[in-house]
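This report is an introduction for a reader who has not met the structure before. It begins with an annotation taken from a record and then turns to a helix.

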Amino acid sequence: MVNWTKTEKATITDIFSHLDYDDIGPKALSRCLIVYPWTQRYFSGFGNLYNAAAIIGNAKVAEHGIKVLHGLDLGLKKMDNIEAAYADLSSLHSEKLHVDPDNFKLLSDCITIVLAAKLGSAFTAETQATFQKFLGAVMSALGKQYH
Amino acid sequence: MTTLTAKDKQTVKAFWAKVSGKSEDIGADAVARMLVVYPQTKIYFSHWPDQSPNSPAARKHGITVMMGVGDAVTKIDDLKEGLKELSQLHAFTLRVDPGNFKILSHNILVVMAVMFPTDFTPEVHVSLDKFLAAVSLALSEKYR
């Protein structure tokens with residue numbers, strides 16, 4: 001279980017209340033598929049992922065990026081028990097999707113970088129620390145049901 | 001994973017040419033973020049009277065690190081040879097655990113996104129990530 005200070009909770013709530021999911025989601029997922037191309041292994045049904053331009057223009061990638069980003073809402077709504085919030089999604093990622101949990105970090109880093117680009121200097125070191133702590137908690141929860 | 005293609009090298013050099021004017025600010029911000037986001041890295045700076053992220057010592061260190069990165073860009077065709085003295089320094093004098101190179105690299109990338117959101121495209125990101133990984137590997141060369 002992760003402990004959150006009042007300030008950390010406020011920071012996370014603030015980030016998500018201003019988050020443009022339709023912008024950040026597609027950018028984060030497409031960046032992940034470009035920067036870490038082996039992650040494309042999970043998306044063989046998505047059509048043309050042949051190069052960066054194709055990935056960025058791919059409607060299925062964009063749609064999925066938005067979906068994945070909204071997945072963070074589960075943790076946002078239940079910050080005091082993130083593990084419980086992701087129990088079902090964890091089983092899904094392990095048993096149905098067969099995603100290597102090491103890959104959670106790759107997407108997580110891309111979400112951080114895309115958010116940093118959007119917020120600029122407002123993405124302070126303290127904000128970064130809190131946001132990465134949140135993503136770390138989500139990743140840990142997503143990995144819990146793997147066996 | 002750390003073999004830089006001709007395209008990677010070209011991308012890194014072109015991006016560096018754009019951003020190197022701000023290298024001091026980049027380095028200072030990257031080190032500050034590292035100290036805040038990964039507080040365990042402070043152990044390497046216990047000799048600083050002021051370990052706060054925006055202290056003069058931290059800023060100076062960021063500048064030093066970024067000068068090293070800039071130097072590595074000029075030696076991009078043979079990083080192992082070009083960085084061998086820096087590797088010896090990190091291995092025998094500083095004894096920085098190489099896991100920390102990844103941490104600082106991540107923070108350099110975050111700063112690039114913050115300061116150059118339009119130029120730090122996914123293509124630049126992948127080449128720069130590969131470059132920093134190659135630099136980290138070259139810095140680890142003399143450890144054992």
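## Annotated residues and a helix

In the UniProt record, the annotation "binding site" covers A:His64 and A:His93. These residues span 30 residues in sequence, yet no two of their C-alpha atoms are more than 14.5 Å apart, so they gather at one spot. The model described here is a predicted one, and the table sets out where each annotated histidine lies and how much of its surface is accessible.

| Residue | Helix of chain A | Relative accessible area |
|---|---|---|
| A:His64 | α4 (residues 59-70) | 24%, partly exposed |
| A:His93 | α7 (residues 87-96) | 15%, buried |

Because buried means under 20% relative accessible area, A:His93, with its 15%, counts as buried, whereas A:His64, at 24%, is partly exposed.

The surroundings of the two residues can be described in turn. When neighbours within four places in sequence are left aside, A:His64 is in contact with A:Leu29, A:Phe43 and A:Phe46. With residues up to four places away in sequence likewise not counted, A:His93 touches A:His98, A:Val99, A:Phe104, A:Leu142 and A:Tyr146.

Another part of chain A is helix α2, which comprises residues 21-35. At 1.5 Å a residue, the 15 residues of this helix should span 21 Å, and the computed separation of its end C-alpha atoms, 20 Å, agrees with that expectation. Of the 15 residues in α2(A), 13 are buried, and the helix is therefore largely enclosed by the rest of the structure.

Methods
Residues are numbered from 1 along each chain as its sequence is written. Chains are lettered from A and ligands numbered from 1 in the order in which they are written. This is a predicted model: local features need pLDDT of at least 70, side-chain atom pairs count only at pLDDT 80 or more; totals for chains, interfaces and linings use all residues. Side-chain values use heavy atoms; hydrogens and water are left out. Helices (H or I, at least four residues) and strands (E, at least two) are DSSP runs, numbered from the N terminus. The expected span of a helix is 1.5 Å times one less than its number of residues. Buried means under 20% relative accessible area, exposed over 50%, partly exposed in between (1.4 Å probe, protein chains only). UniProt positions are given in the numbering used here, feature names are shortened, and annotations may be inferred rather than shown by experiment. Contact means heavy atoms within 4.5 Å.
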